Amino acid sequence: MLITSESLLGPNPPTSAYLEAYRILRSEFLILQEHEESRIVLVTSPWHQEGKSTVVLNLGTMLALIEKDTIVLDTDFYGGGIGETLGISGSPGLTDLCLHDIAVAETVIETELSALRVVPAGTEADRGPELTEGASMGQALRKIGQQAQFVLCDSTPLSGFGATLALARMVDMVLLVSLAGSRVEDVQRCLASLKEAGARVGGIIVNDELPGESVVYRSYHEYHR
Ligand SMILES: Nc1ncnc2c1ncn2[C@@H]1O[C@H](COP(=O)(O)OP(=O)(O)OP(=O)(O)O)[C@@H](O)[C@H]1O
Ligand SMILES: [Mg+2]
């Protein structure tokens with residue numbers, strides 16, 4: 001199975017503002033990497049439907065367009081992740097790597113962009129939350145991390161999902177997506193719990209939509225802990 005470019009960078013065709021916003025996000029992301037290399041990056045948010053999966057797919061695509069070898073990984077074990085968007089949620093993936101002695105190559109799905117690959121949550125995604133608390137998840141993440149320059153993990157929100165915080169502690173960096181206009185207190189609460197968990201927060205992506213335009217990421221602020 002090959003994932004086509006059309007399903008990677010929406011909407012179709014993307015407007016120039018849309019692409020430019022993602023170029024900014026890509027630059028900011030690469031600047032962060034100059035300060036401290038973070039290969040495995042978790043993208044999460046305070047609440048549902050704030051744009052996590054969209055950011056993971058589009059940032060992954062933009063990195064791949066400049067030949068940065070990137071894997072987008074579905075760590076949303078509840079079905080709201082990139083696996084569902086791309087129609088690959090039943091395929092072998094992360095949870096299979098945790099549970100069985102298989103190679104990462106057996107879980108990787110190619111896309112039309114040679115530098116972009118996808119690893120689904122796996123056939124036993126429902127066991128993901130429990131697996132996340134064990135050593136096998138960390139080992140599986142490291143194995144995947146050895147296969148690419150960057151691994152971007154799509155996830156569930158921080159509110160109401162224990163696995164997200166557990167994953168945040170395992171990765172090199174966390175990016176928080178927040179829908180423009182949402183409560184500052186919610187973002188602050190998430191930052192506090194990430195800090196308490198010892199996670200490194202690289203930045204906050206404020207996801208907004210311009211009137212008459214498509215998906216636009218209005219700003220991206222480096223967050224200094
Ligand atoms: N800036 C935006 N403007 C308009 N629509 C957007 C924007 N960002 C994302 N969307 C759309 O909003 C919906 C939710 O986005 P997405 O699935 O990326 O969020 P999510 O945080 O991953 O959700 P979930 O918590 O359910 O996993 C999708 O239909 C997506 O296409
Ligand atoms: Mg999602």
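**Note on the magnesium site, the ligand 1 pocket and selected residues**

1. In this predicted model, the magnesium ion (ligand 2) has two protein donors, namely the OG atom of S53 and the O atom of G80, which lie 2.1 to 2.3 Å from the ion. S53 belongs to helix 2 (residues 52–65), whereas G80 belongs to the loop between strand 3 (70–74) and helix 3 (82–86), so the pair ties together parts that are 27 residues apart in sequence.

2. The two donors can also be described by their accessibility. S53 counts as buried because its relative accessibility is 16%, and the cut-off for that class is under 20%. G80, at 45% relative accessibility, counts as partly exposed, since that class covers the values between the limits of 20% and 50%.

3. Turning to ligand 1, a reader may ask which residues come nearest to this molecule. Of the 15 residues around ligand 1, the nearest are Q49, K52, S53, T54 and N207; S53 is thus named here and also as a donor of the magnesium ion.

4. Several polar atoms of the protein lie at short listed distances from oxygen atoms of ligand 1. A polar side-chain atom of T54 is 2.4 Å from an oxygen atom of the ligand, a polar side-chain atom of K52 is 2.7 Å from an oxygen atom of the ligand, and for G51 a polar backbone atom is 3.0 Å from an oxygen atom of ligand 1. Taken on its own, ligand 1 has 620 Å² of accessible area, of which the protein covers 71%.

5. Where does ligand 1 sit, and which elements give two or more residues to the shell around it? Ligand 1 occupies the largest pocket, and the elements that contribute two or more residues to its shell are helix 2, strand 8 (201–209) and strand 9 (215–222).

6. Two residues other than glycine deserve a look for their backbone angles. Q49, in the loop between strand 2 (40–44) and helix 2, has a positive phi near 60°; this residue counts as exposed because its relative accessibility is 73%, with the cut-off for exposed being over 50%. E67, in the loop between helix 2 and strand 3, likewise has a positive phi, in this case near 65°, and is exposed, with a relative accessible area of 59%.

7. Is S38 buried or exposed? S38 is found in the loop between helix 1 (16–35) and strand 2, and at 0% relative accessibility S38 counts as buried. The side chain of S38 makes a polar contact, at 2.6 Å, with the side chain of R200.

8. G198 is found in the loop between helix 8 and strand 8, where a relative accessibility of 53% makes this residue count as exposed. The C-alpha atom of G198 is separated by 8.5 Å from that of A168, although the two residues are 30 residues apart along the chain.

9. L191 lies in helix 8, which spans residues 184–197, and counts as buried at a relative accessibility of 11%. How far apart are the C-alpha atoms of L191 and L113? The separation is 34 Å, for two residues that are 78 residues apart along the chain.

How values were computed:
Residues numbered from 1 in each chain as written. Chains lettered and ligands numbered in written order. Predicted model: local features only at pLDDT ≥ 70, side-chain atom pairs only at ≥ 80, totals over all residues. Heavy atoms only, no water. Donors = N, O, S within 2.8 Å, 3.2 Å for Na, K, Ca; no water. Helix = DSSP H or I, 4+ residues; strand = E, 2+ residues; numbered from the N terminus. Buried < 20%, exposed > 50% of the residue type's maximum accessible area, 1.4 Å probe, protein only. Near = heavy atom within 4 Å. Polar contact = N/O pair within 3.5 Å; in protein donor to acceptor, adjacent residues only side chain to side chain. Areas by Shrake-Rupley, 256 points an atom, 1.4 Å probe, with all protein chains shown as cover. 1 Å grid on protein atoms, 1.4 Å probe; cavity = no way out; pocket = protein on both sides within 12 Å on 5 of 7 lines; lining within 4 Å. Sits in = over half its atoms within 2 Å of the grid points.
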